[in-house]
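Hi,

Here is the model I promised you. Have a look at it first, and then read on for what turned up.

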Amino acid sequence: MKVLILGVDGYIGWSLALRLMKMGHTVSGADNFFTRRRVREVGSESALPIGTMAGRIRELESSGFGDLEFFRGDVSNADFMYRIIREAQPDAVVHLAEQRSAPYSMIGLKQATDTMVKNIVSTLNLVYAVKDAAPDTHILKLGTMGEYGTPNIDIPEGFFDIEYNGRKDHLPFPKNAGSWYHWTKVHDSNNLMFANRVWNLSVTDVMQGVVYGTRIDEIAETGLYTRYDIDEVWGTVLNRFCAQAVSGLPITPYGEGGQTRGFLPLEDSVTCLAIALENPPGDGEYRVFNQFDKAYSVNYLAERVKEIYEREFGKSAEIRHIDNPRVERESHYYHPVNENLKKLGYRSKRTLDEEILHMLQDLQQFVPRIRKLSGTIMPRTFWKAP
Ligand code: USQ
């Protein structure tokens, strides 16, 4: 299969490229290095060392993965999007090239606008380019579990049956996102549903939970690391907790720490995306996958990291609750359904504890590098003035 990965330089994009190439698929990728630039702006960098794209492509070849065709450019530019869809003529395109940080989108108006415009326009560009230049292409689009928010009822996969004033319908489940970033994904989902309805495009809209991990099998075998962010803007919670533990910094649940989300290891994320690619939707089908392994509270994750670090490394780790920089529920019901990927064969390969141990072991090799980034860890981005 020919797969075009938009955002191939990113945390998931690079890992997915490794996985698909290993599986024998022909992979091309696009990126404009937005994340690298913005991470540098907050004084940080990937905690795991990664090469330039040219260097990465050379290493892929020398490690036997083969050739990755790379397009440098911005997918919110329509000419660029049309050009790469025309040139790549992919069977599937995976759209991972959106601004992915909730805190970044909350820094101020400039960042909110940048996130809104670029994310939504990139998906519009994609549906138009596919309709005009490659209408049979499967669009696999990364949305987020955060589109749903934390409702006090169960969360289905995209749609639910509702009875109101004596009448029934099957409708999209209400969305209630928690940052400008998360709202862009809601708008994307609406736009994808509409593009599917009017043009019969085949779409998988993935509601993915928070991804964690330093490696997938291909990274463990080759050392071809993917980026791994730990600063307050670009790092996600469990990745940050593990980096905090190994570098002797306090582990920082925000507020009460009862916030609960769906989580999955990076290994599972690429496995699920590969499953979705190898089991495409029917012609003109729009389908939704809730993509996560299990739901955990932030407190539970902090405790697991502390316990495993202390047991395995014989040193102590401190959990320190800090004022929550976000506006979110800190204690709530959370019960999302995740059946669709399981029906296609998804089973998590490793337990949470096993994965945390791998993360701590991998990060342990880069403690001086992580300590240099310690000034970027504590929150400086607030949803509203503290
Ligand atoms: N949190 C802490 N301590 C920290 C960092 C975060 O308690 O040091 C808490 C946050 O307050 C939040 C939860 O952990 O309640 C998750 O935060 P996060 O930064 O790990 O994840 P989030 O901002 O939700 O976004 C991440 C990715 C995003 C993806 C999303 C999936 O950056 O691209 O869409 O996870 S989901 O959370 O399901 O929406």
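A quick definition before the details: two strands are taken to pair if DSSP finds at least two bridges between them. Keep in mind too that this is a predicted model.

With that in hand, start at strand E1, residues 2–6. Which residue of E2 is the bridge partner of Ile5? That would be Gly29. The two strands, E1 and E2 (residues 26–31), run parallel to each other and share 5 bridges. E1 also pairs with strand E4 (residues 92–95), again in the parallel sense, over 4 bridges. There, Ile5 has Val94 as its bridge partner. So Ile5 is worth clicking on, because strands pair through bridges that DSSP finds, and Ile5 has a partner in E2 as well as one in E4. E1 is mostly covered, with 4 of its 5 residues buried.

Next, the helix. Helix H1 (residues 11–22) joins E1 and E2 in a β-α-β unit, and that unit is right-handed. H1 spans 17 Å from its first C-alpha to its last over 12 residues, close to the 16 Å expected at 1.5 Å a residue. Is H1 mostly covered or mostly open? Mostly covered: 11 of its 12 residues are buried. The buried ones include Trp14, Arg19 and Met21. Just after H1 comes Gly24, with a positive phi of about 100°.

Positive phi also turns up in residues other than glycine. Gln89 has a phi near 40° and sits in the loop between helix H4 (78–88) and E4. Asn200 has one of about 60°, in the loop between helix H7 (180–199) and strand E8 (202–208). Are these two buried, partly exposed or exposed? Gln89 has a relative accessible area of 38%, so it counts as partly exposed. Asn200 is at 52% relative accessibility and therefore counts as exposed, since the cut-off for exposed is over 50%.

Last, the surface. Ile162, Tyr164 and Leu171 make a nonpolar patch of about 290 Å². Tyr164 belongs to strand E6 (residues 159–164). Why does Tyr164 count as exposed? Because its relative accessible area is 60%, and exposed means over 50%.

That's what I have for now. Shout if anything is unclear.

Cheers

Key
Residues are numbered from 1 along each chain as its sequence is written. This is a predicted model: local features need pLDDT of at least 70, side-chain atom pairs count only at pLDDT 80 or more; totals for chains, interfaces and linings use all residues. Side-chain values use heavy atoms; hydrogens and water are left out. Patches are made of residues with over 30% relative accessible area and no salt bridge: like charges are joined within 9 Å, nonpolar side chains (Val, Leu, Ile, Met, Phe, Trp, Tyr) within 5 Å. Accessible areas come from the Shrake-Rupley method with a 1.4 Å probe; for residues, only the protein chains shown count as cover. A salt bridge is a side-chain nitrogen of Lys or Arg within 4 Å of a carboxyl oxygen of Asp or Glu. Buried means under 20% relative accessible area, exposed over 50%, partly exposed in between (1.4 Å probe, protein chains only). A crossover is right-handed if, with the strands pointing away from the viewer, the path from the first strand over the helix to the second runs clockwise. The expected span of a helix is 1.5 Å times one less than its number of residues.
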